[in-house]
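Visitor: I would like a close look at one part of this model, namely its pocket and the parts of the protein around that space. Please take me through it step by step.

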Amino acid sequence: MLSKAIKESLRGIETPFYLYDMGLLGRTLDTIRAEAERGDANGKSYKIHYAIKANNDERILKAVLERGFGIDCVSGNELRLIRRLGFPADGIVYAGVGKSDGEIELGVREGIRAFNCESRQELQVIDEIAGRLGMRARVALRINPDVDPQTHRHISTGQADSKFGISYREIEQVATELPTYKNLDFQGLHFHIGSQITDMRVFEFFCRRVNSLVGWFAERGFPVGYINMGGGLGVNYDAPDAEPMPDFGAYFDAFRRNLEVGDAEVHFELGRAMVAQCGELITRVLFNKINSAGNEVAIIDGSMSELIRPALYEAYHEIENLDTRAGDQRRPYIVAGTVCESSDVFASDRVLPELRRGDLVTLKSAGAYGQSMSSQYNMHSLPRIVYSDQIES
Ligand code: LLP
């Protein structure tokens with residue numbers, strides 16, 4: 001990880017802050033682009049929409065824009081931001097179970113590539129709003145394919161009991177109603193089954209589900225020209241230094257080998273896999289103490305306000321003391337944040353070399369769902385950002 005190599009340059013910077021490795025980001029994006037350009041079994045390129053919810057930092061977005069990727073957004077503010085930065089409307093797709101009327105109007109006016117619609121009512125409302133504006137809206141149906149992504153339950157989105165997508169119960173009715181909408185242009189189907197998926201067999205199974213759904217729609221007179229497989233590719237949180245980039249080749253191969261959708265355009269919405277390993281949260285040790293149970297507690301100056309994933313999902317992030325000295329003993333620590341919540345703990349039993357007041361400590365793989373999920377709880381300032389290419393070493 002970058003922080004170790006440049007730790008002397010980081011010493012004077014006020015903690016906590018996110019450090020983004022712009023070199024690794026560029027290499028990751030270039031690799032995805034090359035793999036997506038290889039495309040499907042017939043050589044037709046895959047279209048990538050970066051899921052901006054993973055990280056909406058403007059410099060990261062500019063790197064995404066420079067490579068010609070589109071965006072998957074889920075709110076009016078995300079849409080406004082990417083339009084301001086110059087992302088073409090034709091590369092923007094918009095998902096989300098609860099789009100407000102104002103957000104829908106914005107998307108219609110902007111002429112985005114597709115609203116990925118998650119309910120019958122949403123289709124009706126988009127049709128009404130487009131009609132009122134005298135415009136047309138391109139829509140895809142987000143179908144809940146009932147696939148178990150075998151990941152954390154809080155980041156599973158495509159199972160029968162979830163709030164996402166149009167369910168099998170309503171699919172027939174939606175297909176019947178589709179031709180009655182006067183202002184909608186049906187594009188095809190959208191899916192997103194979950195996040196942090198590392199077993200490629202999940203994607204293989206998912207492809208087979210999608211093949212049969214595409215057949216189902218075609219039989220009813222709805223040719224599917226757009227298929228959006230969502231995001232979900234996981235990263236290696238356990239050993240980020242050994243695997244700074246996920247295996248994009250294996251990921252796209254799973255679709256290349258198993259998706260049978262004729263000459264439909266195939267789209268993806270990767271978030272985490274594009275940015276997670278490029279970011280670290282750099283903190284400092286504030287205090288050491290021992291609790292009544294005899295555990296050693298190290299309080300660092302980061303918290304769930306800056307990085308909520310451990311508190312929210314018990315997510316694992318590698319922790320490294322950048323100031324380890326030769327001969328330091330390794331022992332178990334509770335590494336805790338500053339916020340007044342018992343869940344504000346980054347690790348509850350982590351064996352680490354000694355942590356002393358003032359040591360720089362990095363939380364790795366924090367580029368996705370870190371900064372973008374940060375809050376001002378306890379009136380913290382939003383986290384500072386430091387880009388690797390702005391550091392003088
Ligand atoms: N498309 C849709 C419709 C989504 O809802 C998501 C993520 C993505 C694409 C991108 O998924 P990715 O490639 O990043 O797995 N905050 C959680 C992750 C929530 C993911 C929400 N949806 C975390 O920190 O693990």
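Guide: Gladly! One term comes first: the bounds of the domains come from an automatic or database domain assignment. Please also keep in mind that this is a predicted model.

With that term in hand, the protein is divided into domain 1 (2–11 + 277–391) and domain 2 (23–276). On the domain 1 side there are 24 residues in the contact, and on the domain 2 side 25 residues. Taken over C-alpha atoms, the centres of domain 1 and domain 2 are 33 Å apart.

Now to the part you asked about. The largest pocket holds about 570 Å³ of space. It is lined by 27 residues, and Lys53, Thr157, Phe164, His192 and Tyr369 are the ones closest to its centre. Which domains supply the lining of the largest pocket? Domain 1 (2–11 + 277–391) and domain 2 (23–276) each give at least three residues to it. As for the chemistry of the lining, 10 residues are nonpolar, 10 are polar and 7 are charged.

From the pocket we can turn to the nonpolar packing. The largest nonpolar core has 105 residues, and Phe115, Met229 and Phe255 have the most contacts inside it. Helix H9 (residues 200–219) contributes the most to this core, with 10 residues. Where does this core lie? Domain 1 (2–11 + 277–391) and domain 2 (23–276) both give residues to it, so the core lies between them.

Met229 is a good residue to zoom in on. Leaving aside residues up to four places away in sequence, Met229 touches Phe191, Phe206, Cys207, Val210, Phe255, Leu259, Val266, His267 and Phe268. Phe255, one of the residues that Met229 touches, is also among those with the most contacts inside the core. There is a second, separate core as well, with 10 residues that include Ile6, Leu322, Val386 and Ile391.

Two helices show how the packing looks from element to element. In helix H5 (residues 76–85), the buried residues are Gly76, Glu78, Leu79, Leu81, Ile82 and Leu85. These residues pack against helix H4 (58–66), strand E3 (70–73), strand E4 (92–94) and helix H6 (101–110). Gly86, just after H5, has a positive phi of about 100 degrees. In H6, Glu103, Ile104, Leu106, Gly107 and Val108 are buried. Their cover includes H5, E4, strand E5 (114–117), helix H7 (120–133) and E6. Again a glycine follows the helix: Gly111, just after H6, takes a positive phi of about 70 degrees.

Strand E6 leads us on to a loop. Asn144 sits in the loop between E6 and H8, and Ser167 has its place in the loop between strand E6 (137–142) and helix H8 (168–177). Buried or partly exposed: what are Asn144 and Ser167? Asn144 counts as buried because its relative accessibility is 6%, where buried means under 20%. Ser167 is partly exposed, with a relative accessible area of 26%. Two distances help to place them. Asn144 and Ala264 are 120 residues apart in sequence, and their C-alpha atoms are 20 Å apart in space. For Ser167 and Ser375, the C-alpha separation is 33 Å, with their positions 208 residues apart along the chain.

Let me finish with some backbone details in other loops. Pro16 lies in the loop between helix H2 (7–10) and strand E1 (17–20). The peptide bond that joins Thr15 and Pro16 is cis, with omega at about -5 degrees. Glu314 belongs to the loop between helix H12 (309–313) and strand E12 (319–321). Although Glu314 is not a glycine, its phi is positive, about 55 degrees. Glu314 counts as exposed, because its relative accessibility is 73% and exposed means over 50%. Met379, in the loop between strand E15 (360–363) and strand E16 (384–387), is another residue other than glycine with a positive phi, near 55 degrees. Met379 is exposed too, with a relative accessible area of 81%.

Notes: Residues numbered from 1 in each chain as written. Predicted model: local features only at pLDDT ≥ 70, side-chain atom pairs only at ≥ 80, totals over all residues. Heavy atoms only, no water. 1 Å grid on protein atoms, 1.4 Å probe; cavity = no way out; pocket = protein on both sides within 12 Å on 5 of 7 lines; lining within 4 Å. Points joined across faces, edges and corners; volume = space filled by probe spheres on them. Nonpolar A, V, L, I, M, F, W, Y, C, P; charged D, E, K, R; others polar. Core = buried A, V, L, I, M, F, W, Y, C linked by side-chain atoms within 4.5 Å. Buried < 20%, exposed > 50% of the residue type's maximum accessible area, 1.4 Å probe, protein only. Helix = DSSP H or I, 4+ residues; strand = E, 2+ residues; numbered from the N terminus. Contact = heavy atoms within 4.5 Å.
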